[in-house]
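The report below follows a chain from its overall make-up to its charged pairs, its internal spaces and one residue in its interior. Please read it with the sequence and the coordinates side by side.

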Amino acid sequence: MAISLPHESAPAVPAGGDAHFSLSSSARVLGTLHLGPGANIAQGAVVRSHDGAVRLGAGSAVLENGVIIGMPQHPVTVGERTFLDHRSVVLGAEVGALCDVGGASILMPGARIGTRCLLGEGTLIPAGTVVPDDSVVVGRPGRILRRTTADDLERLRKRRGGSLDLPGQPLTAFSARDRAEDAPMGQLYTFRDKHPLVHPTATLFSSAEVTGDVIIGPGCIIGPGVKILGDGNGPVRIGAGVQVLANTVLHRLSDHALTLEDGVIIGPGCTVHGSHVGANTVVEPGAILCDGTRLGRGSFVGAGSLVKQGSAFADGAHVEGFPATQTGTLASLPPVPRWALRPEDLPGLRRIG
């Protein structure tokens with residue numbers, strides 16, 4: 001059985017780490033973060049740490065477009081010399097030392113990954129799952145394929161400059177109390193004479209980018225790294241109180257509009273093409289809504305789900321899977337997830353870089 005494990009091309013981190021951490025200019029760190037020496041936060045990565053709830057060990061790495069969200073109820077701890085590969089999403093989970101978490105993996109709140117674990121690319125670890133030390137895990141949802149072998153450990157060693165030693169370095173708190181999120185309107189671009197319209201009460205984080213025929217309604221929150229592309233023949237319309245969270249992409253194709261009704265919560269790390277999403281629907285991290293999707297009001301899409309082109313679901317649908325099917329019907333509106341932002345969170349978030 002062929003599996004896709006994390007790439008070996010990421011930069012090796014010496015056993016002793018470096019005297020400082022590395023933060024790319026395009027990365028965003030919001031709140032107070034605890035870092036060990038030699039930690040690396042790469043281009044486009046987003047780390048959101050409420051009340052200091054994210055801890056990255058010495059020599060750890062959050063690679064390109066990764067997302068970490070830690071909350072007091074569900075903190076994030078990443079062990080020393082662990083690599084979270086490109087576009088991985090970690091929400092309130094614990095990852096042990098010397099792990100490789102494959103690109104586009106999703107770790108949900110309360111998940112616990114042991115030491116020296118390998119997660120294949122695109123692996124989904126559901127909320128509360130415990131993965132023991134020395135496990136190789138693949139799939140959506142993830143299953144333990146086998147124990148790590150000598151070859152796996154050699155792979156880990158090679159990626160870390162020839163050593164699996166742990167530096168045992170203390171963490172240091174970093175925050176930027178004097179610097180608020182700097183460009184509250186993000187970046188707005190005209191396309192074919194169409195310019196985005198953003199309600200004055202909406203919040204766009206500085207690294208969000210919005211292009212073309214897009215209207216964003218009152219009270220919306222458009223998170224860091226979000227890309228909204230209104231560059232086809234149909235409009236993008238975003239209602240009131242919508243959240244589109246870190247590193248999500250909204251893109252309508254040439255013959256479908258993209259509409260998010262009031263109160264929708266998307267992301268982080270999602271991809272939404274020309275879809276119609278009903279009011280108060282929650283789309284969990286890493287989900288993909290293909291062109292022509294229609295979700296009724298108050299629906300729920302599970303983490304990492306793939307909703308196929310042209311799929312349609314009635315109000316209150318519980319949708320999950322790869323590809324997604326309706327697995328139930330909700331008796332009430334889905335609750336606001338703890339990983340969502342609240343207006344009262346915004347004044348307290350500060351960024352580094």
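Helices (H or I, at least four residues) and strands (E, at least two) are taken here as DSSP runs, numbered from the N terminus. On that basis the protein, which is a predicted model, has 1 helix and 41 strands. Of its 353 residues, 55% count as buried, and the surface that the protein exposes comes to about 13900 Å², with carbon and sulfur atoms supplying 53% of that area. Among the contacts in the protein with a separation of 6 or more, 25% are accounted for by residues 24 or more positions apart.

**Salt bridges**

A search of the whole structure finds 10 salt bridges, and three of them are set out in the table.

| Acidic residue | Basic residue | N to O distance |
|---|---|---|
| Asp85 | Arg159 | 2.6 Å |
| Asp152 | Arg146 | 2.5 Å |
| Glu261 | Arg297 | 3.3 Å |

The salt bridge between Asp85 and Arg159 links distant parts of the chain, since Asp85 sits in the loop between strand 8 (83-84) and strand 9 (89-91) while Arg159 belongs to helix 1 (residues 150-159), 74 residues apart. Both partners, Asp85 and Arg159, are buried, and they also take part in a network of salt bridges that links Asp85, Asp100, Arg159 and Arg160.

Is Asp152, the partner of Arg146, buried or exposed? Asp152 has a relative accessible area of 6% and therefore counts as buried, the cut-off being under 20%. Arg146, by contrast, has a relative accessible area of 31% and is partly exposed.

The side chains of Glu261 and Arg297 also meet in a salt bridge. Because Glu261 lies in the loop between strand 29 (258-260) and strand 30 (265-266), and Arg297 in the loop between strand 35 (294-295) and strand 36 (300-301), this pair ties together parts that are 36 residues apart in sequence. Arg297 is exposed, with a relative accessible area of 52%.

**Pocket and cavity**

The second largest pocket has a volume of about 240 Å³. Its lining is made up of 17 residues, of which Gly44, Asn65, Gly225, Lys227 and Asn247 are the closest to its centre, and the lining divides into 5 nonpolar, 8 polar and 4 charged residues.

How many cavities of 30 Å³ or more does a search of the whole structure find? The search returns 1 such cavity, and the volume of the largest cavity is about 50 Å³. The largest cavity is lined by Leu30, Val46, Arg48, Ile69, Gly223, Pro224, Leu245, Ala246 and Leu341, a set that divides into 7 nonpolar residues, 1 polar and 1 charged.

**The surroundings of Thr82**

Thr82 is found in the loop between strand 7 (76-78) and strand 8, and at 0% relative accessibility this residue counts as buried, because the value is under 20%. Leaving aside residues up to four places away in sequence, Thr82 touches Gly59, Ser60, Ala61, Val95, Gly96, Ala97, Leu98, Cys99 and Arg160. For one of these, Ala61, the C-alpha atom is separated from that of Thr82 by 6.4 Å, although the two residues are 21 residues apart along the chain. Another of the residues touched by Thr82 is Arg160, which also belongs to the salt-bridge network with Asp85, Asp100 and Arg159.

Conventions: Residues are numbered from 1 along each chain as its sequence is written. This is a predicted model: local features need pLDDT of at least 70, side-chain atom pairs count only at pLDDT 80 or more; totals for chains, interfaces and linings use all residues. Side-chain values use heavy atoms; hydrogens and water are left out. A salt bridge is a side-chain nitrogen of Lys or Arg within 4 Å of a carboxyl oxygen of Asp or Glu. Buried means under 20% relative accessible area, exposed over 50%, partly exposed in between (1.4 Å probe, protein chains only). Contact means heavy atoms within 4.5 Å. Accessible areas come from the Shrake-Rupley method with a 1.4 Å probe; for residues, only the protein chains shown count as cover. On a 1 Å grid over the protein atoms alone, a cavity is a set of points where a 1.4 Å probe fits but cannot get out, and a pocket is an open set with protein on both sides within 12 Å along at least five of seven lines; lining residues have an atom within 4 Å of a point. Grid points are joined across faces, edges and corners, and a volume is the space filled by probe spheres set on the points. Ala, Val, Leu, Ile, Met, Phe, Trp, Tyr, Cys and Pro count as nonpolar, Asp, Glu, Lys and Arg as charged, and the others, Gly among them, as polar.
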